[in-house]
Every structure is written in C-alpha cells, then in structure tokens.
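Biologist: Pick one part of this chain and take me through it slowly, please. I'd like strand partners to begin with, then the rings.

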Amino acid sequence: MDYGSLLSRCAQDLKPSGIRKFFDLAATMEGVISLGVGEPDFKTPYAIRRAGIESLEKGRTFYTANAGLAELRRQIAAYLERRFGLSYDGEKEVLVTVGGSEAIDLCVRACLNPGDEVLIPEPCFVCYDPITRLAGGVPVPIVTRPEDGFRLTPEALEAAITPKTKLLVLPYPNNPTGAVMGREDLEKLAQVLRRHENVLVLSDEIYAELTFEGKHVSIASIPGMWERTVVVNGFSKAYAMTGWRLGYAAGPREIIKVMLKLHQFAIMCAPTMSQYAAIEAMKNCDDEIERMAVQFGMRRGLMVSSLNRMGLTCADPQGAFYVFPSIRSTGMTSEEFCEALLREQKVAVVPGDAFGKSGEGHVRISYSYSVDHLIEALRRIELFLEARR
C-alpha cells in the first residue's frame, strides 16, 4: 500500500522530537550518563503513592466525571489560590487532563481556526509548534535573546502581533533556558495585550513551583488578563509524578467548556488512580514541594559554577531544572557538540536547536539528577573540552 498518500501529510511532515532522539540513542550505549530528559529523580512522595494504592485496594477503578473528580478540581482551585493568588471555580473553570501536554493540546484546538497564528517565544519546549500545526494554525516564533535573560519583551511581542494572531504561548519558567517572567515583565506584556482584544494567552506554568528567586507570578493574576488566559499546570514536576500522567487547565468557563468537549471525545477522563493520588498531593504535600525545590536549587548552583569555570558561558537560570550554556566557543554546532560528547565521553545532552532555530549555539542540560550523577557528568564534559584546547 502507498501509505505516503494515505496518511496525514501534516502528521508526516512533523519532525521527531530532538529530545527523544538523543535519549533513545543513549539508551543503546553502555555506560552513558544522560542529562537529557526533564524528569525529577525523586520518587513520588510516599503519601501520594499510598493514596494511589488505597484507591486500587478500595476498587476505585471506574471512570470519573469527564472533567475529573469533583474533589480534585476543588483542591486544584484551592491550590492555585493558596500558592499563586488565582481564583477559579473548581466546578466550571478547572479541567483535569492526561498530563499538562493534553491540556496544551486541548487549549490550542479549542481556540484555533485554520490559519490563525500562534505566537511562540523561542527557545521553548518542543510541543507547541507541532500541536499548532496539527490544529490548522500557523506557528510564529518570537526569538528571545540571552541579553534579555531569554524573557519575552513587550517590543518583540508587539512586533509579532498581526490581525491573524489568536494565541500567545507563555512558557515560563522556561524549558530549556530556565528563564522566568517576573510581575514587572508580565505587566509590560499585559499592556500590549490589552491593546489587542482578540489575542488569548496559554500560560504553561508546569515549572511554577521551581522558581528560585522570589515567588512565581502567573499572568492570569495581572489586571485584565484572567479573562483571556488559560493556565496549564500539572503534577509531574512539582510532585515528581511524571509517570502518573496528570495535569490540568484552569481558565474562563467558556474556554474550559469547549476544551472539555474535546477531552470527552478523545480521552473520556484522566486515570482514576492518579486523580486520587493527586488529591493527597494537593491537600497535604506542600512541604514535599519545598524539599525538592531546595535540592534542585543546590544542583543549579553546582551546574552553573562548573560550566562557567569550564568556559561554557551559562546564565544563572531562575526557574525549572535546566541550564542552557553557550557552546559557541568550541566552534561546533549544537548537534556536532552533542554527538561528539556522547560518542567520546558518553554524556547525553540535548542540542539547543531542538527547541527552535534560535537555540543553535547552546545545549540543554538537565540537572534533575542526583549530585553524584551530575558531578561525574561534569567531570566527563571537562575532559571533552580539554581534549579540544
């Protein structure tokens, strides 16, 4: 059969994830240290695991409401109010999803008509561009610069908006750069957005609890922005629950209602066991968030100081658990650097251009690993660099 003519042209044209390419390659090699995947090395806290186990023992294995367990949605609303000062009705303005990734996909599909433009600050996580294309939209990258701390500036935002602009993605704290948008930064963006009434915002805040300087601020808390913003978050990073596949979206009920319809037809509901575990996380595990954040902060300091000492210029990331050092001093492209490092020293990192063309000249290194793991990886990176001097 001619599958090339039978399959979706749009889906066939999508590029594979640059993150998974190096992760999969590393998995085939002996003795590799991988710093490529953004997954906490902590076990899911015991109280959360226990709640999931209890849900199984009690036979809670049936479908939940499409939007998620009512108690979980109430707890999510309470959490957003407690941690970030955001007010949502858990019944009508919160939707539980299969990871934050599904929430992003639902938001994009709910908002876009064919030809609508989506503004995407780059470098950024790999999913926004393909999800936009699959929804019939047009991704419009906005380059962010190291000299601006990889933050989106109001000037760059204003210049990118056209009559076709429908949605702005705000991926902060940022993967891969670790950039954070503070309240003053967000207020400046809000001034621009209020001049353009038909532009919505998808605020991806999955790393909100990993903000190292001050507290995370959501653009939805800025006057005039709640009404046009969908906040996406989840349990993977803050609670070390990556494999539980649970996230959520919060926003105006008119948008959440449409997202819920798509969720009903595609997914039905998020995993029941994961939802019961998440209730425990929301109610009783704020201290676990703080414990893990302290560890990530210590690892951040180790990575930044070590890489700068080696000559790989590395800004101090303000959030998430990545560093994004420049490798231009080596004379190699990002791809060449990563391939050579993996081949010669068996350390896997991700080329910066996997996160958009503007990421070229950098690599993403995750420090969501043990200190011993990081120290050995840094030793090998230094050997790799010394061999080229």
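**Strand partners, then rings**

Modeller: Let's start with one bridge: Val350 finds its partner within β12, and that partner is Arg364. Before going on, note that this is a predicted model, with local features needing pLDDT of at least 70 and side-chain atom pairs pLDDT 80 or more, while totals for chains, interfaces and linings use all residues. Numbering runs from 1 along each chain as its sequence is written, and side-chain values use heavy atoms, leaving out hydrogens and water.

Back to that bridge. β11 runs antiparallel to strand β12 (residues 363-366), and two bridges join them (strands pair if DSSP finds at least two bridges between them). As for the labels, helices (H or I, at least four residues) and strands (E, at least two) are DSSP runs numbered from the N terminus. Zoom out a little and you get an open, antiparallel sheet of three strands, ordered β9-β12-β11. Its edges are β9 (322-323) and β11 (350-351), and each of these pairs on one side only.

There's also an open sheet of seven strands, with mixed pairing and the order β2-β8-β7-β6-β5-β3-β4. β2 (94-97) and β4 (138-143) are its edges; each has a single partner strand, so one side of each has no neighbour in the sheet. On average, neighbouring strands in this sheet are turned by 20° against each other, direction ignored. Inside the order, strand β3 (residues 117-122) and strand β5 (residues 165-170) are parallel partners, joined by three bridges. For an example at residue level, take Val118: its bridge partner in β5 is Leu167.

Now the rings. The whole structure has 13 aromatic pairs (Phe, Tyr and six-membered Trp rings with centres within 6.5 Å; planes under 30 degrees apart are stacked, over 60 edge-to-face, the rest tilted). One of them joins Phe235 and Tyr239, whose ring centres are 5.8 Å apart with planes at 35°, so this pair counts as tilted. Phe235 is buried at a relative accessible area of 1% (buried is under 20%, exposed over 50%, partly exposed in between, with a 1.4 Å probe and protein chains only). Tyr239 also has 1% relative accessibility, so it counts as buried.

Phe235 pairs with Tyr248 as well, this time edge-to-face, at 5.8 Å centre to centre and 65° between the planes. That pair links distant parts of the chain: Phe235 sits in the loop between β7 (229-234) and β8 (247-250), and Tyr248, 13 residues away, sits in strand β8. Tyr248 has a relative accessible area of 0%, so it is buried.

Elsewhere, Phe42, Tyr207, Phe296, Phe321 and Tyr322 make up one aromatic cluster. A charge gets involved too: Arg60 lies over the face of Tyr276, 4.6 Å from the ring centre (the cut-offs are NZ of Lys or CZ of Arg within 6 Å of the centre and within 35 degrees of the ring normal).

One last stop is Glu39, which lies in the loop between β1 (33-34) and α4. Its relative accessibility is 38%, so Glu39 counts as partly exposed. Glu39 and Met241 are 202 residues apart in sequence, and their C-alpha atoms are 9.0 Å apart in space. As for α4 (residues 46-57), its axis comes within 8 Å of that of helix α11 (residues 272-284), and the two cross at roughly 140° (axes are lines fitted to C-alpha atoms, for helices over the stretch in contact, with angles from 0 to 180 degrees between N-to-C directions).
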